[in-house]
Structures are given as structure tokens and as C-alpha cells.
Amino acid sequence: MKLAEALQLRADLQKRMEQLASRLYDNATIQEGESPAEDPAALLAEYEDCATQLEDLMARINRTNCETRTESGTLTELLAHRDCLKKRAETYRNFLTSASSLTRRATRSEIKICSTISVPEYRKKADALSRELRETDNAIQAANWSTELL
């Protein structure tokens, strides 16, 4: 199984566990004399089976990420770099949105609001971060589809 397929399976298992948990909550109590729509014991058994599969899969994914080398380091290092790039790019975009929103004055006596930075200069930095993020994500995806799960 390729790493990318394992990541898809992990997402499916996580979603399945959320659905089972919701169904468990819905069948936790009933009116006296009634029976639940679904057997809570069977739901719990299925939930526990999914949790066991997920734990094993996550350990294998993490092991694979640590041991898979790319031109830029291990997949784990690339993932950490991507996560930090996402946060940095998001911060720059939000900062530039604030710096770009200058209020209009109806009269000259109103307070003038000015940007504290050169927006075009920092826009270039934000664009560079976004480009690096795309390239890093592409490298991760390429490795995910070419790496066998350990």
C-alpha cells in the first residue's frame, strides 16, 4: 500500500469513528419500554475495531514519514516545514489585509489612518511564502504516492 493510500484510509477511519460516536450518543438512552434503534454494544465493538486499526495505521504512517528521505530531508521534516509555512503565509495574508484596509475620510478634519509598512514589499514576501508552500506540498504529495507504507 502506498503512503498516500494509507493517508486516505486514515481519514476514512477517523470519519467512520466520528459517525459511530454520534450514533452511540444517539442510542445511549431510550424511553423506558422502548428499544434502541441500534445496538450500542455492536456500535462500541465496531468503534473499538476502528480505533485499533487507526492506531496501527497511524504508527505505520509515522514510521514511514520518519524513515522516508527526500531531497529536502525526511517526510517528517517536510511536514513540519509545510505546517510552519502555512502558519507564516496565513499570518502574512491577514497582516496585509489589515495593512491594506485604509479608511476613507469624508472631511479633512477626520483622523487619517496610514499603513505601518510598505504593502507591496511585504506582498512579495507573502507570495514567496505561498510559492514555497505549494512546492513543499507538491514534494510531499510526490513522496506520498511513490513511497510504500512500512
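User: Leaving aside its neighbours within four places in sequence, which residues is Thr74 in contact with?

Analyst: They're Asn65, Cys66, Thr68 and Arg69, where contact means heavy atoms within 4.5 Å. Bear in mind that this is a predicted model, where local features need pLDDT of at least 70 and side-chain atom pairs count only at pLDDT 80 or more, while totals for chains, interfaces and linings use all residues. Residues are numbered from 1 along each chain as its sequence is written, and side-chain values use heavy atoms, with hydrogens and water left out.

User: Why is Thr74 called buried?

Analyst: Its relative accessible area is 10%. Buried means under 20%, exposed means over 50% and partly exposed is in between, using a 1.4 Å probe and protein chains only. Thr74 is below the buried limit, so it gets that label. You'll find Thr74 in strand E2. Its C-alpha is 9.9 Å from that of Ile140, although 66 residues separate the two in sequence.

User: What makes Thr68 buried too?

Analyst: Same kind of check: a relative accessible area of 12% falls under the buried cut-off. Thr68 sits in the loop between H2 and strand E1 (69-70). Skipping residues up to four places away in sequence, Thr68 touches Gly73, Thr74, Leu75 and Thr147.

User: How do you know that the side chain of Thr68 makes a polar contact with the backbone oxygen of Thr64?

Analyst: The distance is 2.6 Å. A polar contact is a pair of N or O atoms within 3.5 Å; within protein, one must be able to donate a hydrogen and the other to accept it, and residues adjacent in sequence count only if both atoms are side-chain atoms. The pair between Thr68 and Thr64 fits that limit.

User: And why does Asn27 count as buried?

Analyst: Asn27 has 8% relative accessibility, so it passes the buried test. It lies in the loop between H1 and H2. One polar atom of the Asn27 side chain lies 2.8 Å from the backbone oxygen of Arg23, and the side chain also reaches the backbone nitrogen of Ala37 at 3.1 Å. Beyond four places in sequence, Asn27 is in contact with residues including Pro36, Glu38 and Leu43.

User: Why is Ala139 called partly exposed?

Analyst: Ala139 has a relative accessible area of 33%, in between the buried and exposed limits, so partly exposed is the right label. Ala139 belongs to helix H4. Its C-alpha is 9.2 Å from that of Leu75, with their positions 64 residues apart in sequence.

User: What puts Trp145 in that class?

Analyst: Its 45% relative accessibility also falls between the two limits. Trp145 is in H4 as well, and among its contacts beyond four places in sequence are Lys2, Ala4 and Gln8.

User: How do you know that the span of H3 agrees with what is expected?

Analyst: Helices are DSSP runs of H or I with at least four residues, strands are E runs of at least two, and numbering starts from the N terminus. The expected span of a helix is 1.5 Å times one less than its number of residues. For the 26 residues of H3 that gives 38 Å, and the end C-alpha atoms are 37 Å apart, which agrees. H4, with 28 residues, should span 40 Å and its ends are 40 Å apart, so it agrees too.

User: What covers the buried residues of H3?

Analyst: The cover includes H1, H2, E1, E2 and H4. Leu75, Arg82 and Leu96 are among the buried residues of H3.

User: What makes the largest pocket a pocket?

Analyst: On a 1 Å grid over the protein atoms alone, a pocket is an open set of points where a 1.4 Å probe fits, with protein on both sides within 12 Å along at least five of seven lines; lining residues have an atom within 4 Å of a point. The largest pocket has a volume of about 200 Å³. Its lining includes Leu3, Met58, Arg82 and Ile140. H1, H2, H3 and H4 each give two or more residues to it, and H2 gives the most, with 4.

How values were computed:
Grid points are joined across faces, edges and corners, and a volume is the space filled by probe spheres set on the points.
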